[in-house]
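Colleague: I am new to this structure and would like some help reading it. Could we go through a few features together?

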Amino acid sequence: MEIQMQYYLLVSTVMFFAGVYGFVTRRNLIAILLSIELILNAVNINFAVFNRYLFPGQMEGLFFSIFSIAIAAAETAVAIAIIVNIYRNLKNIEVKNLDELKD
Amino acid sequence: MNFLSLFVLIPVLMTCAMFLLKDIRRIRAVMVTGASLLLVLAVTLTVMFLGQRSAGNDAEMLFTADVLWFAPLNIHYSVGVDGISVAMLLLSSIIVFTGVFASWKMSPLPREFFAWYSLLSIGVFGFFISTDLFTMFLFYEVALIPMYLLIGVWGTGRKEYSAMKLTLMLMGGSALLLVGILGIYFHSAPEGGQLSMNILEISKNTIPMNAQYLFFPLTFVGFGVLGAMFPFHTWSPDGHASAPTAVSMLHAGVLMKLGGYGCFRVAIYLMPEAANELSWIFLILTGISVVYGAFSAIKQTDLKYINAYSSVSHCGLVLFAILMLNQTAMTGAVLQMLSHGLMTALFFALIGMIYGRTHTRDIREMGGLMKIMPFLSVCFVIAGLASLGLPGLSGFVAEMTVFVGSFEHTDTFHRVFTIIACSSIVITAVYILRMVGKVFYGAVQNKDHLALTDAVWFERLSVIVLIVAIAGLGMAPLWVSDMIHESLAPIIEQLIK
Amino acid sequence: MEYTILIVLLPMLTFIVLGLLGMKLKACTSGLIGTLSMAVTTVISYATAWIYFTGARVDGVYQKWVPFNIEWLRFTDTLHIDLGVLLDPISAMMLIVITTVSLMVHIYSLGYMKGERGFERYYAFLSLFSCSMLGLVLATNIFQMYIFWELVGVSSYLLIGFYYTKPEAIAASKKAFIVTRFADLGFLIGILLLSFFTQTFDFGVLTSGDRSIFTQAAGTTFMGCSVLAWATALIFVGGAGKSAMFPLHIWLPDAMEGPTPVSALIHAATMVVAGVYLVARLFPVYYFETPEVLHGVAYLGAFTSLFAAVIACVQTDIKRVLAFSTISQIGFMMVALGVSGYGGHNGTGYMAGMFHLFTHAMFKALLFLGAGAIIHAVHSNEMSHMGGLRKQLPITHITFLIACLAIAGIPPFSGFFSKDEILAATFSFAPAMGWIMSFIAGLTAFYMFRLYYNIFWGTPAEHEHEPHEAPASMTTPLIILAAVTCVAGFIPFGKFVSSDGADYIIHLEASVAITSVVIALIGIAVATVFYRKKSSIPDRLEQTFNGLHNAAKHRFYIDEVYLFITKRIIFNGISRSIAWFDRHVIDGAMNGLAFVTNKMSFAIRGLQSGQIQQYLLVFLAGLLLITLLVLVC
């Protein structure tokens, strides 16, 4: 028996909203970063699933997933670097303390 | 290349030169050369203009040039002058010239000061030679913006506050103006066809009446703010009081004239029907300006405030005369612009020089300066006499032309207002004599002042040039008056049409 | 005759030269330059007057000559200011008066002002004044007159304030300028009105007798009076300001703070009669178009004359006495013009007014210069510091006495003849007026001799230095003017000046002449009894009429009224409240606008928290909302 497409999409939706929830509520930068990764991965699942079910035989969706995984890796590296620097300067990584550019 | 574009090109080169030079002597040399060139250019232009006119060239604008600049909106860089612009260019060049000498010892940052100063002159000269609404507006803004920095950086007293206030109020005015200009642009071709920004082209068409009703007040108030029209004049006392000498001179002497000039050239010339209908409202406001400014000046104790309020009164008379909408009164308005420009520049120059010595502008703390600095004091008395309209100096010619012209209006309402405006000559005498009496006559108030010195050469030069111009205009007014008078003919034709 | 313009240009040139180079020149050099230039001007003026009076008659009537005229400023096609020279009997007469007195004052000042700081400035201002006064009388049109009118005002201001370190002098100069400026406003509005309806400034046209130019104005009324009456009345206000008519007289007594020769020139002989000259210049307009205004001039003149004479009786500063006597005498001239008719013997008043202007200029200048010599000797203006000076100052004494007799109206001195004509004219106008004027003439005799006795007789006061006679440069002008005063009455004045330009034969009316002489003699006699020796009568009278005396001494509190109006109402009331209004209401509104904008932005900026999570939340909420909306609709 083949697994229906909806189940994949259900998982990805849950992941997506878990990510969004985490992004909005978390105060810790690392946690926010993790949430963003969740969102990205939910999207990646969608790419792969749609490619597999709607356009079998074509590879664009897979490529796109791989592409975005690569970008996510790069982005994470940069983000971690920023966070490390923030930590060095402020001794914590709480978002609410980062309002120096506000005024 | 067009002859008139030199008026913009020279200040542009001066501004650029400021970025390359470091040595204060070189900077001064460049400024003096540039300003003198402008002065010579303006005199040449006047002579050439009069020559052309007497040779029978009766085109509305002479020395015209036109370059397409931005085709989609039909914006051109188009220049040309008539008698009014020539007079204004002459005035501006005299004041730019004397302003350079008045800020000879400018510190700190003389290089930056002169750079902004030159930028300001670009705007002023560009405005007077433009015949295209858009470029006119552009130069208008170029003239306004440097003011913020010039006052904010080099000013005295509450300079940040004043700079902010002046800039914001004038920007508010130019916002109205922009709407007005766009309104004119979009109605410039009522019968269809190419929309135009060119003043001469627009004047050939009649803008629809309902549009005029909307855009005439916007344009007039927009320019009126710069012309210190009541109740939009309050930037003037604070702004002028805080500005450095040369900037006060240029601002009160030339920039405030941009307002009056714009009222003629844009508001009334392009929307004559609305001008005829609505002028009475503004007449009341400007009539108030004239008397109100004079009364306010009586009570002031700061020399610059006295002169700023006096400017409100005198510039009110400019707009007042414009609104009489007849040729004589309008000639008077332009003469008053010239005369007030020279006079007030002289006043601000002298006040700056006195302040530089006594470090106070409060008239209660000064006295008996006539003995200590006779040259400056005598010049100040001359400026005062010019301001209260002594025959033989420029103020008299201008005021009398305004009064006679305004009184020629057949409507009783206008004549009664003229009489009210006339009464300002008495009030002017009161505050001028009070100021002169307190500051220059009597016993020396402050013993420290006894050690002060009189004017030095560059101050003398700047003051003398202005006095010569004032006396020249006052003694032989006919050629200027005629030049302006005939240039007004097209505007009057529009109004009668 | 184009050279007549030199009469104006020469003093102006002197002013410019002395003004620019004065500091570099030696004091006496600048004095000499000024005096010489004035002498040349005088010669030219005399020659001009001679040529005019000998050559300008056509059919026995003097014509107006305009030997020089250029356009100076053009307003409209019909209205333009010309600068030119107009010669007619009164301007030629004024030329003589002004240049004579001015030359005398120039010479006199060489001695009087010797060693003063600012000697060259003084001469520069004197030249400026002479230039403007001559320009005023030679004006071809009313606007030219206004131009020079303002210029004499300024020269007067500068000269009154000559001692610029003295607070009284500054205050006096300011007062003089502002009061006359206020009057000039009336003049200006009058000119505007007149020119609006007649479309001309030109005196030649206005006084030509062509009444058609006034038809438009005659029909128009404003507040119940014809506009023409308004115009001429307002023009007269200008004249009243310069000629110190009540209630605009307050500046003249204070103007005595200036140097004494200046008082003689400006505030006695020339500038203060400009108002009289103005009325005389426009006389046909006044007489034919607005006779009611002309009568008003007469009544105001009579009142001022009486008012000033009463005040003059109790002043103790000799220059103030002379100042009030000047006001009173100008009142006489105004009355004379006001009661005059036009042409032939109806024009007695006109002729008499001009005649009195002429004689008065000479003897009043003499009085002031004499007073200057006295002040020079005793260093004080107060009568109490004088007394018994006739021994020490013989020449001054004699010349002063001649002038006193002349002003009192004793034959054969000049004042008698002119005053007698004025009285004759007033009697024929209205006997009551005649008697009032005669009474004032008596008062004049009284206060002048009170002055005379207090200075030269009575008990000598204590002096630090023994008073001595003035130097020759000062006594010579006194002697010349005294000589003129003695003979001027015999000039057949009516042959030169009359209302219509034709010959007017002066003949003395015995009844009027005798009355006036008798009244004058009574006045002198009373003064002799009161003041020749120390007498207790004046003090007793003072006690009896304490209220009146005090009021007169304080000049009937007019100054206080002015002070109240200017200080309390204009300065503190109007001006202060306007200044407050401007700073707090208008500027407050602008600042309020800025304040509100600022507050608004503070209120709104809370939304801009910088927390991306918050933004995202709002973003998501919005997205959800829109999605729902799309789904529902």
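Colleague: How are α16(B) and α6(C) oriented to each other?

Modeller: Happy to help, and please keep in mind that this is a predicted model. Two packed helices are described by the angle between their axes and by how far apart those axes are. Here, helix α16 (residues 394–407) of chain B packs against α6(C) at an angle of about 45°, and the axes are 10 Å apart. Angles from 65 to 115 degrees would count as roughly perpendicular and those under 35 as roughly parallel, so α16(B) and α6(C) are oblique to each other. The crossing of α16(B) past α6(C) is right-handed.

Colleague: Which residues make that contact?

Modeller: From α16(B) come B:Phe403, B:Val404 and B:Phe407, and from α6(C) come C:Leu188, C:Leu192 and C:Phe196. By class, that gives six nonpolar, no polar and no charged residues.

Colleague: How many residues of chain C are in contact with chain B?

Modeller: Chain C has 37 residues in contact with 40 residues of chain B. Among the elements giving two or more residues to this side of chain C are β3 (65–74) and α25 (558–605), while α6(C) gives the most, twelve residues. By class, this side of chain C has 25 nonpolar, four polar and eight charged residues.

Colleague: And in chain B, in which sense do strands β1 and β2 pair?

Modeller: Strands β1 (residues 62–70) and β2 (residues 75–81) of chain B pair in the antiparallel sense, over six bridges. B:Leu62 stands opposite B:Val81 in β2(B). Their hairpin has four residues between the strands, and B:Asn74 takes a positive phi near 55° there.

Notes
Residues are numbered from 1 along each chain as its sequence is written. Chains are lettered from A and ligands numbered from 1 in the order in which they are written. This is a predicted model: local features need pLDDT of at least 70, side-chain atom pairs count only at pLDDT 80 or more; totals for chains, interfaces and linings use all residues. Two residues are in contact if their C-beta atoms, placed from the backbone, lie within 7 Å. Ala, Val, Leu, Ile, Met, Phe, Trp, Tyr, Cys and Pro count as nonpolar, Asp, Glu, Lys and Arg as charged, and the others, Gly among them, as polar. Two strands pair if DSSP finds at least two bridges between them. Axes are lines fitted to C-alpha atoms, for helices over the stretch in contact, and angles run from 0 to 180 degrees between N-to-C directions. Angles under 35 degrees count as roughly parallel, over 145 as roughly antiparallel, 65 to 115 as roughly perpendicular and the rest as oblique. A crossing is left-handed if the near helix is turned anticlockwise from the far one by less than a right angle, and right-handed if clockwise.
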